[in-house]
Amino acid sequence: MKDWNLRSKKVLLRVDFNVPIDANGKITDDTRIEKALPTVRALIDQGARVILMSHLGRPLKSLLPDGSIDKVRFSLAPVAVRLAELTGHEVLFASDCGGDDSLAKINQLSDGQLLLMENTRFYKQEEKGDSEWAASLAKLGEFYLNDAFGAAHREHATTATIARYFDKDHKGFGYLMQAELESASRVMDHPERPLTAILGGAKVSDKIELISNLLDRCDQILIGGGMAYTFFAAQGYAIGQSLCEQDKLPLALELLEKAKSKKVKMVLPLDSVAADAFRAEARTQITQDVSIPDGYMGLDIGPKSVKVFREFILNSRTIIWNGPMGVFEMEPFSHGTAEVAKAVAEATYKGCFTLVGGGDSVAAVNRFGLQDDVSFVSTGGGAMLELLEGKILPGVAAIRD
Ligand code: AMP
């Protein structure tokens, strides 16, 4: 993108403006718009005519009682207003995506001006990756740029199919996408060692492919959160009422075996904060060891675990963190995650490359105000998870192939 001369050129830019909007049409978190600004600004500065495309929510899954699309709730119109405020430039808005209104407004675009087209998911062709529709959209621009990392794991018309209609000198990644891919590659392809994965969250079943792929690459894997208890149950420890996936016990043992044979240190918690109910007001105790008493459930890692996890974190040169260490949304069970977040920030200041990827660990670093104290916070939960699982993202392949 940097090497192209885009003055007066029509550039189709796919972004991820899938922001939360409340019932009054107010955007409650504009992080995703902000993250696209470096690319948008660069295009404005170059004098390109920028045609923005994005999805918002799942309009086809939340139809109105008469079976029609809720075009108010899922409209990108409020995003156009916010984008104008953030860039300080006028943003034209088309009430369709690739229809008559879009065509008329594209013809009005002057150099350095922005047009946002309406929600791509108002069209059933989007999620089907429909070739005909993608081809018709491709005709609207001379270049195609993809900066929608959060949607790169979807093989949709505007995230993947459309790229087929541009040769490699006319398609590329935006700056956000580039930064996300470089961060993932720094962890997965050429990490400075030791490479440590910190994995948490509720279920082992959501993270099987992740753990399996990381076992091929990491030196150390720290496991916290609800999923640790399936590993404990598999080894015959008492886990009380803690989260446990009975059908995943053999798999947990397999993963522990795989770690042993690959000489990867798989570190489980040494103690837990256990509670007699899944409530912030529950009666709690810190367990002496890994066993959880009957009538209690493990909802956070305990202080001994924090100490050991901290040591592993601080001896690392590269860290990938996915998933909280406990039920961090409730204060009494947030300390393990907070301490791990602090240790990751400390490691970053010592020169360790730290990538936080995956929805809830991102929410956790934000909650503890440490988002600027780690090397990179991924914007794409599902997309980053798939990259770390070793998958090729359709949105990336469509540009590179
Ligand atoms: P995930 O989306 O799989 O990363 O899971 C994140 C969720 O796991 C968060 O909402 C946490 O509250 C929850 N979680 C973490 N640790 C535990 C635990 N020990 N027991 C129950 N839920 C947990």
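These are my notebook entries on a predicted model, kept in the order in which I looked things up.

**Entry 1: strand β4 and its partners**

I began with strand β4, residues 114–117. Leu-114 and Leu-116 point one way from β4, while Leu-115 and Met-117 point the other way. I noted that all of these residues are buried. Next I looked up the strands that pair with β4. Strand β2, residues 49–53, runs parallel to β4 and is joined to β4 by three bridges. To fix the register I took Leu-52, whose bridge partner in β4 is Leu-116. Strand β3, residues 91–94, also pairs with β4 in the parallel sense, over four bridges. Here I took Ala-94, whose bridge partner in β4 is Met-117.

**Entry 2: the sheet with β10, β11 and β12**

I then went to an open sheet of three strands, in the order β11-β10-β12. The pairing in this sheet is antiparallel. β11 (284–286) and β12 (297–301) are the edge strands, and each pairs on one side only. From one strand to the next, the twist averages 30°. I looked at one pair in detail: β10, residues 272–275, is paired with β12 through four bridges, in the antiparallel sense. Ala-275 stands opposite Met-297 of β12.

**Entry 3: α6 against α13**

For helix packing I noted that a pair is described by the angle between the axes and the distance between them. Helix α6 (residues 175–188) and helix α13 (residues 381–388) pack at about 30°, and their axes are 10 Å apart. I recorded the crossing as right-handed. Which residues make the contact? From α6 they are Glu-180, Leu-181, Ala-184 and Met-188, and from α13 they are Met-384, Leu-387 and Leu-388. Sorted by class, the contact of α6 with α13 has six nonpolar residues, no polar ones and one charged residue.

I stayed with α13 and listed its buried residues: Ala-383, Met-384, Leu-385, Leu-387 and Leu-388. What do these buried residues pack against? They pack against α6, α7 (208–215), β13 (318–322) and β14 (353–356). After α13 comes Gly-390, with a positive phi near 90°.

**Entry 4: Thr-158**

I looked up Thr-158 in the loop between β5 (143–146) and β6 (171–173). Is Thr-158 buried or exposed? Its relative accessibility is 0%, so I entered Thr-158 as buried. The side chain of Thr-158 makes a polar contact of 2.7 Å with the side chain of Arg-14. Leaving aside neighbours within four places in sequence, I found Thr-158 in contact with Arg-14, Met-53, Thr-120, Glu-126, Trp-133, Leu-137 and Tyr-144. Of these names, Arg-14 falls in β1 (10–14), and Met-53 falls in β2 (49–53).

**Entry 5: Val-365**

Val-365 lies in helix α12, residues 359–367. I entered Val-365 as buried because its relative accessibility is 1%, and the cut-off for buried is under 20%. Which residues touch Val-365, apart from neighbours within four places in sequence? They are Trp-321, Ala-341, Val-356, Leu-370, Gln-371 and Val-377. I also checked Ala-345, which is 20 residues from Val-365 along the chain. The C-alpha atoms of Val-365 and Ala-345 are separated by 9.5 Å.

**Entry 6: backbone exceptions**

I closed with the backbone angles. Most residues other than glycine have a negative phi, and most peptide bonds are trans. I therefore wrote down the departures from that pattern.

Ser-8 is not a glycine, but its phi is positive, near 65°. Ser-8 is in the segment before β1. With a relative accessibility of 34%, Ser-8 counts as partly exposed.

Lys-263 is another residue with a positive phi, about 60°, although it is not a glycine. Lys-263 sits in the loop between α9 (249–261) and β9 (265–267). Is Lys-263 buried or exposed? I entered Lys-263 as exposed because its relative accessibility is 73%.

The peptide bond from Arg-193 to Pro-194 is cis, with omega near 5°. I placed Pro-194 in the loop between α6 and β7 (195–199).

Technical notes
Residues are numbered from 1 along each chain as its sequence is written. This is a predicted model: local features need pLDDT of at least 70, side-chain atom pairs count only at pLDDT 80 or more; totals for chains, interfaces and linings use all residues. Side-chain values use heavy atoms; hydrogens and water are left out. Axes are lines fitted to C-alpha atoms, for helices over the stretch in contact, and angles run from 0 to 180 degrees between N-to-C directions. Helices (H or I, at least four residues) and strands (E, at least two) are DSSP runs, numbered from the N terminus. A crossing is left-handed if the near helix is turned anticlockwise from the far one by less than a right angle, and right-handed if clockwise. Contact means heavy atoms within 4.5 Å. Ala, Val, Leu, Ile, Met, Phe, Trp, Tyr, Cys and Pro count as nonpolar, Asp, Glu, Lys and Arg as charged, and the others, Gly among them, as polar. Two strands pair if DSSP finds at least two bridges between them. Buried means under 20% relative accessible area, exposed over 50%, partly exposed in between (1.4 Å probe, protein chains only). A polar contact is a pair of N or O atoms within 3.5 Å; within protein, one must be able to donate a hydrogen and the other to accept it, and residues adjacent in sequence count only if both atoms are side-chain atoms.
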